[in-house]
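Hi there,

Here is the structure I promised to pass on to you. Have a look at it first, and then read my notes below.

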Amino acid sequence: MKNLSVLVLAFVPFICGQNFDRNNVGVAFGPYTKYAENGKIPWFNSYSVDELKRMLAVINSKFTHIATYGMGVGSYNVNNPWDQADSSALIARAAANLNRERGNRAIDVAIGIYQSDDQNIQNAEVNHAFDAADDANSRFGGTAWGLVFLNEYIVNDATGQKVLGMIRYDKNRAHGKGLKVGTRIHVCGEILNRNSHLYRVLSDIARESDFIMCNMYPASDVVHGGAQKAVDAVGNFYLAVRKAFKDINSNLDVLIGETGWASEGQSFNNAPNSVANLRDYWTKMGEWASRNSVRTYMFEAMDEPYKTGSSAESHFGWWYRRSNNDEVYIEKASNREMRG
């Protein structure tokens, strides 16, 4: 049965509707796919390596590249070994195990490092990310390719300087392990304005980094014009930002770290959220990424139902989990059920 399940997944891309360019289209991923029961959100350390591997097998039916958000370090587990924090720390190991089982690099990972004002927690996040990359690449070489220093943390010069210092401090260590360094930000547009309070620090980060992930969502003035208009706006904005960054560092890789469309709920950009619009935006964004050879991480692989309420934050996934009691994932665009 194990071999049969692998074969079924291997053929899923050909029978499950929309295909994506594996070279250029990936997904953001965190293992936050269980529902709150009796008002209690499942612990984020409640996912085993094997369960994560099965999630990644589902994701791999359409995507090769994933990006994570952190190592799950908090005050309650800061002194634990790196692989005994939250389950997000185990994603790279699960990816490496899947790769070793498949005999090829089915999944590669950009490992996220989350931010903390507590320096002990921040140091642990960084060190755990290095440990996770070492562990993954010892299991299957090339599984982990980069470290993403903090997520949307840069909002002023002080936070920018913190990220810049971390990249400078850890760059040689990362390069010695064959890893690239960069950051994920939502203020990439500030590089277009030389008078911006962030221009100088973003320029310094661009000079020191191997990559920058830009989070870009369609603005409220285009989301009601259809998916193509939204993609054109995001794409044109990205191309302008990339040129500005590469004028500073021609070797810099400028990626889209997040873009997406929710299937329901109320979004920050007042998008008309529906499964059809999610599907159309992902499809057309994927076509744009392929046509322009831009690594684009769609947000996100799987819904995050622990985010409750009317917000669309829970509903950006390409898949959702049917229940907490099984591991069946439903592809929204086709309504097909999948198991890892």
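How many of the 10 residues of helix α6 (residues 199-208) are buried? Seven of them are, so to speak of α6 as mostly covered is fair, where buried means under 20% relative accessible area with a 1.4 Å probe and protein chains only. Helices (H or I, at least four residues) and strands (E, at least two) are DSSP runs, numbered from the N terminus. The buried residues of α6 are Y199, V201, L202, S203, D204, I205 and A206. Among the elements that cover them are α5 (157-176), β5 (180-185), β6 (211-215) and α7 (227-248), with contact meaning heavy atoms within 4.5 Å.

Before you go further, please note that this is a predicted model, in which local features need pLDDT of at least 70 and side-chain atom pairs count only at pLDDT 80 or more, while totals for chains, interfaces and linings use all residues. Residues are numbered from 1 along each chain as its sequence is written, and side-chain values use heavy atoms, leaving out hydrogens and water.

Now for the backbone. Most residues other than glycine have a negative phi, and most peptide bonds are trans. N270, which is not a glycine, has a positive phi of about 60°. You will find N270 in the loop between β7 (253-259) and α8 (275-292). S293 also has a positive phi, near 55°, and sits in the loop between α8 and β8. S293 is exposed (over 50%), with a relative accessible area of 55%, whereas N270 is partly exposed (between the buried and exposed limits) at 43%. Finally, a cis peptide bond joins F299 and E300, with omega about 5°.

Happy exploring!
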